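Trainee: Could we go through this model together? I'd like to know where the labels come from.
Mentor: Sure, pull it up and ask away.

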Amino acid sequence: MTVTLKHIDFSEFDLIIIGGGCAGLSLSLALLHFGYKGKVLVVERRKQYQHDRTWSGWFSQTDLALLPNLSKRTFASWSIANDSSQYSHTSNAFPYYSISSEDFYTHALQKINASQTVQLVTGTSLSSHDLMAMTQSRVIDTVGLGIEVTRPRYGLWQSFVGVMVSSSSPIFDMKTQSHAMLMADMSQDDKGFFFTYIIPQNSRQALVEVTYFTTQVLAADYLTECSTQAAHRFIQHQQAFSDHQIMTMPIEHGHLPMWEISKQSTHDHITLAGNISGALRSSSGYGFATIQRWAQETAQTLSSSEPLPGTPLVKPRYYSRWIQWMDNIFLIVLVRYPAQSQTIFLQMAKALKGDEFALFMSHRASLSIWVKVIMAMPKWPFIKAVWRSWLD
Ligand SMILES: Cc1cc2nc3c(=O)[nH]c(=O)nc-3n(C[C@H](O)[C@H](O)[C@H](O)COP(=O)(O)OP(=O)(O)OC[C@H]3O[C@@H](n4cnc5c(N)ncnc54)[C@H](O)[C@@H]3O)c2cc1C
């Protein structure tokens, strides 16, 4: 059910979720799925939902368990390349998926509107601390992260603007070609390491995103220009004839922190979740699958007991200490030895088969996969980074 904020008595709700983005809506869907008995209020700042991002990654069946009817694009192969080398992977067991936020928001809003348990208020900003003055209900704060967080010495911003490029003539055969270019044209300039990410959407459209790993917050105009130029180059390369028309439109914009976010709530009744509490994997900027798993686990916990107002939830731990430590080392190397970035990604792609790469990227790697990755890395930068991590 969608309601307005007027006359809402916050104390009527057993659970208040601030932020109806990926984490807030995923948790709502999971609570409905697991039959949570309490009353839930979701408060969202935006007035209307529009397509603002595409969530891609190597999602497991468990990650997608509550989204069976949501349309997903599936890519059985992907590649990583610079101007002299290219490594392509294929995995039918662990394909790369892509989900449009528009489809996700529509799906979640339909479920919420049809429910008696979850109410959504849009167009309203709330701070969890203001809310504590009004209610003792349990609060889950999922307001996301902007550029207000301070980048640590060994952190990078992942900065990109994605443009949708549309061609007047078909450029992909979607029946036979399901290939994602995860890192094309890897290169380096004074702003940092960058590459182009290209995900076909249908036979005439592709998402094209020049992505920087950088210490600066880059201007959106600059990133839009980079992605637009890359989109034109890509389409020209694809098409055998020249009478096509191309349109590009910016559709998503990200400045994702690549470092460990460890914001803590100062109040027992408030739990931070989603990006604001470290759901993004620092080495990759992927967070969708992790948020799905957190939402399912949290909803199961909440649904297995009677709603008790104000009972604190355990702070989520999204990644093991081992993954966080390895990601920290990796980031020290990227910050201190940016010229090694291309080698690192190419060597990793070369060392792993498609299934192994997918498992590694989705934090499901076995010890043998970790060993392969470690053995493939340039040794001195990593040894020095381990040393540096002990010194700092
Ligand atoms: C453009 C982009 C592309 C991405 N692509 C991928 C990808 O391909 N794969 C992947 O795994 N991850 C991806 N991510 C990373 C991550 O999955 C997303 O950022 C994800 O949306 C994080 O979920 P969240 O709920 O923490 O934050 P958000 O989805 O940003 O949700 C936060 C919500 O809180 C609302 N809000 C903010 N302040 C308030 C307030 N004071 N009161 C009420 N509401 C408030 C916002 O309007 C927003 O709806 C991407 C991120 C971005 C920005």
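Trainee: What makes you say that the ligand lies between domain 1 and domain 2?
Mentor: Keep in mind that this is a predicted model. Domain 1 (10-74 + 100-147 + 259-303) and domain 2 (156-257) both give residues to the shell around the ligand, so the ligand lies between them.

Trainee: How many residues surround the ligand, and which are the closest?
Mentor: There are 34 residues around the ligand, and the closest are Gly19, Gly21, Cys22, Gly144 and Gly274. Two or more residues of that shell come from each of helix H1 (22-33), strand S3 (54-57), strand S14 (246-258) and helix H5 (288-303). By class, the shell splits into 13 nonpolar, 16 polar and five charged residues.

Trainee: How do the two domains themselves meet?
Mentor: The C-alpha centres of domain 1 and domain 2 are 28 Å apart. Their contact takes 13 residues from domain 1 and 11 residues from domain 2. On the domain 1 side, S3 and strand S4 (73-75) each supply at least two residues. That side has five nonpolar, five polar and three charged residues.

Trainee: Back to the helices, then. Why are H1 and H5 called oblique to each other?
Mentor: Their axes cross at roughly 40° and come within 8 Å. Angles under 35 degrees would count as roughly parallel, and 65 to 115 as roughly perpendicular. The H1 and H5 angle fits neither range, so the pair is oblique. The crossing is right-handed.

Trainee: Which residues make that contact?
Mentor: From H1, they include Cys22, Ala23, Ser26 and Leu27, and from H5, Phe288, Ile291, Gln292 and Ala295 are among them. By class, the contact of H1 with H5 has 10 nonpolar, six polar and no charged residues.

Trainee: What makes H7 oblique to H9?
Mentor: Helix H7 (residues 341-351) and helix H9 (residues 367-376) pack at an angle of about 140°, with their axes 9 Å apart. Roughly antiparallel needs an angle over 145, and roughly perpendicular ends at 115, so H7 is oblique to H9. H7 passes H9 in a right-handed crossing.

Trainee: And which residues of H7 and H9 make the contact?
Mentor: H7 brings Gln347, Met348, Lys350 and Ala351, while H9 brings Lys372, Val373 and Ala376. Sorted by class, that contact has four nonpolar, one polar and two charged residues.

Notes
Residues are numbered from 1 along each chain as its sequence is written. This is a predicted model: local features need pLDDT of at least 70, side-chain atom pairs count only at pLDDT 80 or more; totals for chains, interfaces and linings use all residues. A residue is near a molecule or strand if its C-beta atom, placed from the backbone, lies within 6 Å of it. Helices (H or I, at least four residues) and strands (E, at least two) are DSSP runs, numbered from the N terminus. Ala, Val, Leu, Ile, Met, Phe, Trp, Tyr, Cys and Pro count as nonpolar, Asp, Glu, Lys and Arg as charged, and the others, Gly among them, as polar. Domain bounds come from an automatic or database domain assignment. Axes are lines fitted to C-alpha atoms, for helices over the stretch in contact, and angles run from 0 to 180 degrees between N-to-C directions. A crossing is left-handed if the near helix is turned anticlockwise from the far one by less than a right angle, and right-handed if clockwise. Two residues are in contact if their C-beta atoms, placed from the backbone, lie within 7 Å.
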